Amino acid sequence: MDLKPVKIGQYELKIPIIQGGMGLGISWDRLASAVSMEGGLGVISSVGTGHYENRSHISKELNLKPLGSENFYSAAGLKAIIDNARKVCGDIPLGVNIMYAANDYARVVKDACEAGFNIIISGAGLPTNLPEFTQEFKHIALVPIVSSAKALKIICKRWTQRYNRLPDAVVLEGPLSGGHQGFTYEQCVDPEYQLEKLIPQVKEEIKQWGDFPLFAAGGIWDKNDIEKAISLGADGVQMGTRFIGTHECDASDNFKQMLLDAKQEDIELIKSPVGYPARGIKTNLFSLIEKKIAPKIQCISNCVAPCGHGKEAKMVGYCIADRLYDAYAGVKETGLFFTGANGYRLNEIISVKELIKKLTQGENA
């Protein structure tokens, strides 16, 4: 099967692959620009931009961490990231991933519009009011992330009623993805909630509203997976974990090595301060939590609304902002290393160009 181009709003992707937005700092300027240069959609994560380039863009910090959500989600940091990406890929479309659960969500969306992104991808909750914050920027394509046909129906209904618009595309994320899930623990292992069951359901829901592309995500690893998703009704795919295994990935070498060393049994669903299960590598951090000697929870960055300014973090035993930063920096002892369920299959670090070739032509290309 030849992979066909696909349009998201006014923007055409030469190959129907979106690189998933991975925070904190795993997909910033280096990875996203490389993917867009190869014809996919490179996506920059808006999470923790205050940490970019040694926190040189923030106004306040405490204990070498951005202080408050206005600094954690730094507008100047986000602008610096896309500006550096543009030095590589020019005016080729770039996406940004913005969590609906983020504190300062509305402000971060507006920051992204003003920074010059072409496409906004938003999940971690249902972004029912996303168009409200982008109305002055008609050229920006909007792509919600959903986990079910029901979720898409809610978004389409509210967007048409309130803003007279539909999504320019939708990402359907199944329960094999890395990081936070849109499912309960039970649903994550229930055959009825797996991606192959959900794709036809969401495709049918799209038909009730019009015609916009569906990108399948969660557990997509190779060309066979891409072809299977397309055969079930998807127009393309979103992939995150596989891109960690590239030279251009913005994560530290230690982060990449954690995946190279991981076995299948090391990747588990874990409790998160966000209130949803999250998938990552079971590391030394969790033994520290069990022994009650994990790093102190201070909630300096106030990153996500569901955490309640550190309340939920204390319930699960760790601050997600601090532990994700440790992972980005390669601190194996206390880092939180998110990965999709197939992360253990990573066995080499290659260039984005090589990876795209494998994904479009097969593993032996």
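Here is a short chat between two colleagues about a predicted model.

Colleague: Which strands stand at the edges of the open sheet in the order 11-15-14?

Modeller: The sheet has three strands, and their pairing is antiparallel. Two of them have a single partner strand each, so one side of each is left without a neighbour in the sheet. Those edge strands are strand 11 (179-180) and strand 14 (267-270).

Colleague: Nice! What is the bridge partner of I267 in strand 15?

Modeller: Strand 14 runs antiparallel to strand 15 (residues 278-281), and four bridges join them. In strand 15, I267 is paired with I281.

Colleague: Which elements give two or more residues to the lining of the second largest pocket?

Modeller: This pocket holds about 230 Å³ of space. Its lining has 14 residues, and L195, E196, G219, I220 and K228 lie nearest the centre. By class, the lining splits into seven nonpolar, four polar and three charged residues. The elements you are after are helix 8 (195-207) and helix 9 (223-231).

Colleague: Is L64 buried or exposed?

Modeller: L64 sits in the loop between strand 5 (61-62) and strand 6 (65-66). Its phi is positive, about 60°, although L64 is not a glycine. Exposed means over 50% relative accessible area. At 55%, L64 is therefore exposed.

Colleague: And what is omega for the peptide bond from G23 to L24?

Modeller: Happy to help with that one! Most peptide bonds are trans. L24 lies in the loop between strand 3 (17-19) and helix 1 (29-37). The bond from G23 to L24 is cis, with omega near 5°.

Conventions:
Residues numbered from 1 in each chain as written. Predicted model: local features only at pLDDT ≥ 70, side-chain atom pairs only at ≥ 80, totals over all residues. Heavy atoms only, no water. Pairing = 2+ DSSP bridges. 1 Å grid on protein atoms, 1.4 Å probe; cavity = no way out; pocket = protein on both sides within 12 Å on 5 of 7 lines; lining within 4 Å. Points joined across faces, edges and corners; volume = space filled by probe spheres on them. Nonpolar A, V, L, I, M, F, W, Y, C, P; charged D, E, K, R; others polar. Buried < 20%, exposed > 50% of the residue type's maximum accessible area, 1.4 Å probe, protein only.
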